[in-house]
Amino acid sequence: MSRVISIVNQKGGVGKTTTAINLASSLAYLKKKVLIIDFDAQGNSSHGYGIDISLLSKTIYEAITGRMDINNVIKKTLVKNVDLIPANLRLTNFESEVSGTNEPFAYLRKTIKKINKKYDYILIDCPPSLGLLSINALTASDSALIPVQCEYFAMEGLAQVLATIKKVQSSYNHDLEIEGFLLTMYEMRSTLGKEVISQIRGLFKENTFNVEIPRNLSISEACGKGIPVSLYKPTSAGSRAYLQLAKEILENARIREQNNHSN
Ligand SMILES: Nc1ncnc2c1ncn2[C@@H]1O[C@H](COP(=O)(O)OP(=O)(O)OP(=O)(O)O)[C@@H](O)[C@H]1O
Ligand SMILES: [Mg+2]
């Protein structure tokens, strides 16, 4: 079975898409088969893999609304073992289309059931809101990965993300876990960055990844070129940090497995 991870935070520009793109390529480097679901009408993670979304008619929207089989909207990427389901502006119709239906939160979960055995990891790149798309993502997920930017107001809004996760846990998906909080765009020389880090680690000790993603030019340049940083500048600090994140996620999996066996 795939492990499905939502990358979620309603705050904009905190590194959700960057994490989806680069965590996927790092997990693939570690021999895992990965699918990215671009679940944001901005289509940024599709762009991040060099896919031109403007004229696409096979997107996640067609799959979740039952217009197309999910297997027909999956695209191969330039990275071996990374597939991607793109999104574009049509995804903005989803919410109004399904809001009056029986289980508006369960569309994505039902849709990805079909491909659950094809991948080791399915990463969902959520939009910057906690609306029906993010609720669908969390309902379909085993866990949530929450990027937190090491900047002013980093804590702002985290209570809302956590409240949404709680709501999904209590109503739609009892098994939803927190994969971890990820500190992003860390600037070594910034005292503010250090403060945010100690605040987050103080509050969410067990749940915060050890690795901190540095603010790194190679990461943003790679994104502009439509390739993950591990291909663009494999030895850059950004590339190494995302590889470290992938290793921590595999280690989480190993520990879970061990606990399952001993229970
Ligand atoms: N570690 C980093 N170093 C340098 N630039 C970064 C880093 N992480 C993200 N960025 C840049 O910051 C901007 C925002 O990042 P990103 O798009 O990943 O955030 P997001 O949370 O997905 O945004 P949105 O909420 O709009 O979907 C992008 O231009 C990205 O290239
Ligand atoms: Mg994004």
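Student: In this predicted model, what makes β6 and β7 a pair of strands?

Tutor: Two strands pair if at least two bridges are found between them. β6 and β7 share seven bridges, in the parallel sense, so they count as a pair. Within this region, Q149 stands opposite T184 of β7.

Student: Why is β7 called mostly covered?

Tutor: A residue is buried when its relative accessible area is under 20%. Seven of the ten residues of β7 are buried, and therefore the strand is described as mostly covered.

Student: What makes the phi of M185 in β7 worth noting?

Tutor: Most residues other than glycine have a negative phi. M185, which is found in strand β7, has a positive phi of about 55° although it is not a glycine. N81 also has a positive phi, near 75°, and is not a glycine either. N81 is placed in the loop between β3 and β4.

Student: Why is N81 called partly exposed?

Tutor: The class of partly exposed residues lies between the limits of 20% and 50%. N81 has a relative accessible area of 25%, so it belongs to that class.

Student: How do you know which strands are the edges of the sheet?

Tutor: The open sheet has eight strands in the order β3-β4-β2-β5-β1-β6-β7-β8, with mixed pairing. β3 (75–76) and β8 each pair on one side only, and these are the edge strands.

Student: What makes β2 and β5 a pair?

Tutor: The requirement is at least two bridges. Strand β2 (residues 34–38) and strand β5 (residues 121–125) pair in the parallel sense over five bridges, so the requirement is met. The bridge partner of I36 is L123 in β5. Helix α1 (residues 16–29) packs on the sheet, touching strands that include β2 and β5, and its direction makes about 165° with that of β5.

Student: Why is the aromatic pair of F181 and F204 called stacked?

Tutor: Ring planes under 30 degrees apart count as stacked, provided that the centres lie within 6.5 Å. For F181 and F204 the angle is 15° and the centres are 4.0 Å apart, so the pair is stacked. F181 lies in strand β7 (residues 177–186) and F204 in the loop between α8 and β8, so the pair ties together parts that are 23 residues apart in sequence. Both F181 and F204 are buried.

Student: Why, then, is the pair of F94 and Y107 called edge-to-face?

Tutor: The structure holds three aromatic pairs, and this is one of them. The planes of F94 and Y107 make 85°, with 5.7 Å from centre to centre. An angle over 60 degrees counts as edge-to-face, so the name applies. The pair links helix α4 (residues 94–98) with helix α5 (residues 107–112), its members being 13 residues apart.

Student: Are F94 and Y107 buried or partly exposed, and how do you know?

Tutor: The limit for a buried residue is under 20%. F94, at 0%, is therefore buried, whereas Y107, at 22%, is partly exposed.

Student: What makes the approach of K16 to ligand 1 a polar contact?

Tutor: A polar contact requires N or O atoms within 3.5 Å of each other. A polar side-chain atom of K16 lies 2.8 Å from an oxygen atom of ligand 1, so the distance satisfies that limit. The backbone contributes as well: an N or O atom of V14 lies 3.0 Å from an oxygen atom of the ligand, and one of P214 lies 2.9 Å from a nitrogen atom of ligand 1.

Terms used. Residues are numbered from 1 along each chain as its sequence is written. Chains are lettered from A and ligands numbered from 1 in the order in which they are written. This is a predicted model: local features need pLDDT of at least 70, side-chain atom pairs count only at pLDDT 80 or more; totals for chains, interfaces and linings use all residues. Side-chain values use heavy atoms; hydrogens and water are left out. Rings of Phe, Tyr and Trp (its six-membered ring) pair if their centres lie within 6.5 Å; planes under 30 degrees apart count as stacked, over 60 as edge-to-face and the rest as tilted. Helices (H or I, at least four residues) and strands (E, at least two) are DSSP runs, numbered from the N terminus. Buried means under 20% relative accessible area, exposed over 50%, partly exposed in between (1.4 Å probe, protein chains only). Contact means heavy atoms within 4.5 Å. Axes are lines fitted to C-alpha atoms, for helices over the stretch in contact, and angles run from 0 to 180 degrees between N-to-C directions. A polar contact is a pair of N or O atoms within 3.5 Å; within protein, one must be able to donate a hydrogen and the other to accept it, and residues adjacent in sequence count only if both atoms are side-chain atoms.
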